[in-house]
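Colleague: I am new to this structure and would like the terms explained as we go. Please tie each one to a value.

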Amino acid sequence: MATTAKKLFLTKSEIKANDREHKRKLSINIAKYDQAVVQGKKQYSDLARARKLAKNIKWQAIEQLDKKLLQFEENFTANGGELIWAMDADQANEAILTICKRHQANLIVKSKSMVTEEIKLNAFLSEHNIESVETDLGEYIQQLDNEAPYHIVTPAMHKSKEDIAKLFHEKLNTDPHLSPTELTTVARKKLRAKYTEAQIGITGGNFLLADIGGIALTENEGNARLTSAMPKVHIAVVGIEKMVSSVDDLQIMWPLLSTYGTGQKITAYNSIITGPKQEFEKDGPEEMYVILLDNGRTNLLKDPSLRESMYCIRCGSCLNVCPVYKNIGGHTYGTTYSGPIGAAISPHIDSFKETHHLSQASTLCGQCTAACPININIHSMLQYNRSLS
């Protein structure tokens with residue numbers, strides 16, 4: 001008997017698969033991505049070797065994750081930071097609320113973070129009368145429209161510039177015919193004021209660096225750097241799977257993430273943060289917290305058939321090549337992580353009963369595996385999930 005979630009998925013899938021305008025917008029944006037990635041890959045003389053090295057880096061970190069997490073904690077706390085362990089979303093949210101109350105915070109600025117989407121942080125804070133403002137342009141657009149991110153990397157991929165101009169007109173009372181440059185200027189003006197008013201800044205983390213106790217952030221707008229530096233308190237919420245052994249690993253991981261995520265050689269802003277402001281530093285937060293989140297990730301870790309999913313660097317490339325995703329879009333999945341990787345991991349970090357049907361949302365063509373910069377065998381994991389159903 002089909003679950004309510006499965007019935008809803010099938011209903012939404014049929015609607016989206018027959019929505020020509022939705023598919024047109026998605027096709028245009030994915031085509032731009034495809035062209036950019038072709039160019040980005042040209043920086044490599046031996047891309048296959050780089051991907052193999054990246055997989056080995058993640059393999060080493062995940063196989064020794066218990067030791068690497070403790071090493072990270074030791075080094076991060078030695079730098080003056082405070083580490084918080086969170087088994088699930090409730091523990092993570094309660095920890096953030098405690099910090100907010102301690103600092104009498106009523107305004108938070110937040111940079112792009114899928115893990116905070118996963119724990120539904122904005123809704124939780126709203127329930128406690130704390131405003132949380134998305135500062136990434138795509139996330140800001142989605143927040144204005146009261147929608148979840150549509151894509152792991154490109155939150156508003158399904159919207160045209162005309163859609164965004166209309167949204168800004170409705171929500172911000174701007175001219176309905178603004179150009180993309182003008183829309184960006186409006187958003188920048190609105191958001192810049194928030195940085196100076198916010199008591200707390202919240203980010204995710206693209207990588208955890210065990211050897212120096214730091215987090216690595218990669219972005220193109222500078223909003224994560226402002227979010228982490230301007231408020232007096234910085235909270236980073238990071239899944240335990242983001243671990244790598246050394247800061248030296250970034251010379252492999254950062255270019256691969258940017259190449260496969262956006263087609264760039266390297267993203268515009270790359271930051272390494274190891275703790276709160278030191279005595280010799282002129283800027284930065286006075287306090288820094290890292291919340292390490294499990295929330296079902298150890299379910300993936302303990303299963304040999306799924307462990308490779310912990311290697312994922314959230315580049316979104318598997319979404320962009322998936323024929324199912326390109327027909328039904330991101331919101332149809334009904335989970336934080338959509339597309340092939342989302343269908344592989346969601347049943348094990350959400351409710352298996354409610355989300356295991358997503359493993360059927362695949363042709364098993366293998367394009368997701370071929371497109372993954374870490375060579376994660378995603379389509380085999382989808383087959384494995386089907387065997388568990």
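Modeller: Two strands count as paired if DSSP finds at least two bridges between them. This is a predicted model, and in it Ile 200 has Val 233 in β7 as its bridge partner.

Colleague: How do you know that strand β4 and strand β7 pair?

Modeller: Strand β4 (residues 200–203) and strand β7 (residues 233–239) are joined in the parallel sense over 4 bridges. At least two are needed, so the two strands count as paired.

Colleague: What makes β2 and β4 neighbours in the sheet?

Modeller: The order of the 6 strands is β1-β10-β7-β4-β2-β3, in an open sheet with parallel pairing. Between β2 and β4 there are 3 bridges, and Lys 110 stands opposite Ile 202 in β4. On its other side in that order β2 has β3, with 4 bridges between the two, again in the parallel sense. There, Val 109 has Val 133 in β3 as its bridge partner.

Colleague: Why are β1 and β3 called edge strands?

Modeller: β1 (82–86) and β3 (131–134) each pair on one side only. Between neighbouring strands of this sheet the average turn is 20°, direction ignored. Helix α4 (residues 65–78) lies across β1 and β10 (287–293), at about 150° to β1.

Colleague: What makes strand β2 covered on both faces?

Modeller: In a regular strand the side chains alternate between the two faces of the sheet. In strand β2 (residues 107–110), Leu 107 and Val 109 are on one side, Ile 108 and Lys 110 on the other, and all are buried.

Colleague: Which residues touch the most other members of the largest nonpolar core?

Modeller: That core has 98 residues, and the ones with the most contacts to other members are Ile 96, Phe 207 and Ile 235. Beyond its neighbours within four places in sequence, Phe 207 is in contact with residues including Ile 215, Val 244, Trp 254 and Ile 313. Another core, of 19 residues, lies apart from it; Val 133 and Tyr 140 are among them.

Colleague: Why is Asn 129 called exposed?

Modeller: Its relative accessible area is 69%. The cut-off for exposed is over 50%, so Asn 129 meets it. Asn 129 is in the loop between α7 (121–127) and β3, and has a positive phi of about 60° although it is not a glycine.

Colleague: Why is the contact between Glu 21 and Arg 24 called a salt bridge?

Modeller: Their closest N and O atoms are 2.7 Å apart. The limit is 4 Å, so the pair qualifies. Both residues lie in helix α2 (residues 20–40), 3 residues apart, about one turn of the helix.

Colleague: Is Lys 159, the partner of Glu 147, buried or exposed?

Modeller: Lys 159 has a relative accessible area of 10%. Buried means under 20%, so Lys 159 is buried. Glu 147, at 30%, is partly exposed. In their salt bridge, the closest N and O atoms are 2.8 Å apart.

Colleague: What makes the salt bridge of Glu 118 and Arg 297 a tie between separate parts?

Modeller: Glu 118 lies in helix α6 (residues 114–118) and Arg 297 in helix α13 (residues 297–301), so the pair ties together parts that are 179 residues apart in sequence. The N to O distance is 2.8 Å, and both residues are buried. Through shared partners, salt bridges join Glu 118, Glu 241, Arg 297 and Arg 314 into one network.

Methods
Residues are numbered from 1 along each chain as its sequence is written. This is a predicted model: local features need pLDDT of at least 70, side-chain atom pairs count only at pLDDT 80 or more; totals for chains, interfaces and linings use all residues. Side-chain values use heavy atoms; hydrogens and water are left out. Axes are lines fitted to C-alpha atoms, for helices over the stretch in contact, and angles run from 0 to 180 degrees between N-to-C directions. Contact means heavy atoms within 4.5 Å. A nonpolar core is a set of buried Ala, Val, Leu, Ile, Met, Phe, Trp, Tyr and Cys residues joined through side-chain atoms within 4.5 Å. Buried means under 20% relative accessible area, exposed over 50%, partly exposed in between (1.4 Å probe, protein chains only). A salt bridge is a side-chain nitrogen of Lys or Arg within 4 Å of a carboxyl oxygen of Asp or Glu.
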